[in-house]
Amino acid sequence: MLLTGKKILIGISGSIAAYKSILLVRLLVKAGAQVKIVMSPAAKDFVSPLVLSTLSNNEVLADLSNKNSWANHVQLGRWADVMLIAPASCNTLSKMANGICDNLLMAVYLSATCPVAVAPAMDEDMWHHPATKRNLDLLESYNNRLIPVQNGELASGLFGDGRMAEPEYIFHFLIANYFRSSSLKNKKVIVTAGPTYELLDPVRFISNHSSGKMGYAIAEAFYLQGADVTLVTGPTNQIVNFSAIDVVNVMSSNEMFDAVTVRMDDIDIALMCAAVADYKPVAIADNKIKKKDTNWQLELEKTKDILQFIGDNKKPNQFIAGFALETNNEKENAILKLKNKKADCIILNSLNKDNSVFGADKNKITIIDSLEVAHNFESKSKREVANDIVSFIISKITDEKK
Ligand code: CTP
């Protein structure tokens with residue numbers, strides 16, 4: 001799991017946004033993290049320590065001393081890989097900036113030796129007050145990382161800046177800033193994803209069922225291994241969870257071809273996952289084509305094959321991978337694609353009754369390497385498949401260096 005063995009300490013202060021911390025704890029624990037929680041006394045009015053201790057599988061601390069025992073705040077800050085204060089209310093933010101140690105949360109923050117991330121939450125007017133601005137600048141000067149607030153509905157009922165970031169956003173912020181691997185540091189990767197739309201006229205197009213899920217998961221898996229990633233994507237409903245991934249939106253196979261080839265000089269790894277149309281209409285009508293009483297013969301011409309082009313023009317240190325979606329003679333066809341398109345590996349998707357692929361969350365792949373050796377993988381979630389593909393490519397690149 002993504003966060004297995006990672007230790008995250010969450011500080012919760014008194015703000016209505018504290019309810020979001022419940023969801024955040026759940027996301028972190030589900031991803032394998034060990035989570036400990038410390039609350040300010042005011043936070044207990046907004047969210048129950050019992051819920052938080054149940055979800056985190058740990059005792060939640062809120063008081064400096066409890067009956068006869070003393071909470072060891074120094075130990076907590078040393079235990080954690082990262083401390084996150086979410087929500088950080090205006091009051092807590094001010095105490096953090098000024099070193100005021102009047103509760104356990106503040107004692108833990110001030111003694112924490114691990115990196116600290118802060119997710120503020122307050123009403124818009126407080127957010128824009130110069131005192132808050134000064135406190136935020138001070139926190140940044142202490143190397144605390146600020147998680148941007150969002151614009152939206154606030155506890156006051158007003159709309160504006162100051163909403164705490166959503167749990168999913170904070171989850172990905174923590175991963176991007178503290179838990180990325182450096183295996184592919186300084187490597188530039190390009191991934192294509194999704195379908196292409198080949199226009200017939202201003203309202204119609206030819207396309208396919210590709211959802212883009214696999215390509216997006218691969219782009220994120222490369223990013224989590226430390227690479228600089230560009231994702232060239234056809235139209236999909238997918239979202240990218242990491243803002244540092246450079247997303248280039250295209251529509252047609254021609255646009256995708258241009259977007260990829262113009263970037264290839266700098267690229268170390270290219271993975272062509274898009275379901276690019278093989279044919280496109282010879283002409284795009286300027287106006288909507290009207291129906292007639294007779295049948296219609298549509299003339300199509302071949303599109304440019306992106307994988308073929310980058311395979312033919314491959315530079316010595318580039319690693320190029322493609323997909324093959326096959327319904328019959330799967331392995332033979334995949335090997336043909338490997339050879340013809342001069343790829344370093346082909347990832348074979350079998351479209352049969354055991355593997356539905358399009359839009360599905362699971363996928364079963366076989367990777368054919370440059371020596372035509374087949375590596376079989378179990379049916380897994382597309383995220384896990386993406387990790388397998390990226391680990392495979394890392395192992396191939398490392399082998400080549402030896
Ligand atoms: N591909 C591409 N550009 C195209 C067509 C395909 O880059 N115009 C890439 C796909 O992204 C994939 C690989 O080529 O990585 C294989 O595509 P696929 O459509 O399965 O194979 P084709 O070569 O088009 O052959 P066929 O449709 O006959 O199986």
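A residue counts as buried when its relative accessible area is under 20%, and as exposed when that area is over 50%. Keep these two cut-offs at hand for the stops below. The model on screen is a predicted one.

**The whole chain**

Start with the chain in cartoon view. Its C-alpha trace spans about 85 × 55 × 40 Å along the principal axes. Colour by secondary structure to pick out 13 helices and 24 strands. Of the 402 residues in the chain, 47% are buried.

**A buried residue: N363**

Select N363, which belongs to strand β21 (residues 362–363). Is N363 buried or exposed? Its relative accessibility is 0%, so N363 counts as buried, given that the cut-off is under 20%. Now add N349 to the selection and show both side chains. The side chains of N363 and N349 make a polar contact of 2.9 Å.

**An exposed residue: H209**

Next, select H209 in the loop that runs between β13 (204–206) and α9 (213–224). H209 has a relative accessible area of 65% and is therefore exposed, the cut-off here being over 50%. Add G194, which is 15 residues from H209 along the chain. A distance drawn between the C-alpha atoms of H209 and G194 should read 8.7 Å.

**The ligand and its pocket**

Move to the ligand and show the residues around it. There are 16 of them, and the closest are M272, A274, F323, K337 and K341. Sorted by class, this shell holds nine nonpolar, two polar and five charged residues.

Three distances from ligand oxygen atoms can be drawn here.

- A274: a polar backbone atom of this residue is 2.7 Å from an oxygen atom of the ligand.
- D278: here a polar side-chain atom lies 2.9 Å from an oxygen atom of the ligand.
- F323: a polar backbone atom of this residue is 2.7 Å from an oxygen atom of the ligand.

Switch the protein to a surface. On its own the ligand has 570 Å² of accessible area, and the protein covers 77% of that. The ligand takes up the space of the largest pocket.

Which elements give two or more residues to the shell around the ligand? They are α11 (306–312) and β19 (319–326). Finish by selecting β19, which contributes four residues to the shell, the most of any element.

Terms used. Residues are numbered from 1 along each chain as its sequence is written. This is a predicted model: local features need pLDDT of at least 70, side-chain atom pairs count only at pLDDT 80 or more; totals for chains, interfaces and linings use all residues. Side-chain values use heavy atoms; hydrogens and water are left out. A residue is near a molecule or strand if one of its heavy atoms lies within 4 Å of it. A polar contact is a pair of N or O atoms within 3.5 Å; within protein, one must be able to donate a hydrogen and the other to accept it, and residues adjacent in sequence count only if both atoms are side-chain atoms. Accessible areas come from the Shrake-Rupley method with a 1.4 Å probe; for residues, only the protein chains shown count as cover. On a 1 Å grid over the protein atoms alone, a cavity is a set of points where a 1.4 Å probe fits but cannot get out, and a pocket is an open set with protein on both sides within 12 Å along at least five of seven lines; lining residues have an atom within 4 Å of a point. A molecule sits in a cavity or pocket if more than half of its atoms lie within 2 Å of its grid points. Ala, Val, Leu, Ile, Met, Phe, Trp, Tyr, Cys and Pro count as nonpolar, Asp, Glu, Lys and Arg as charged, and the others, Gly among them, as polar. Buried means under 20% relative accessible area, exposed over 50%, partly exposed in between (1.4 Å probe, protein chains only).
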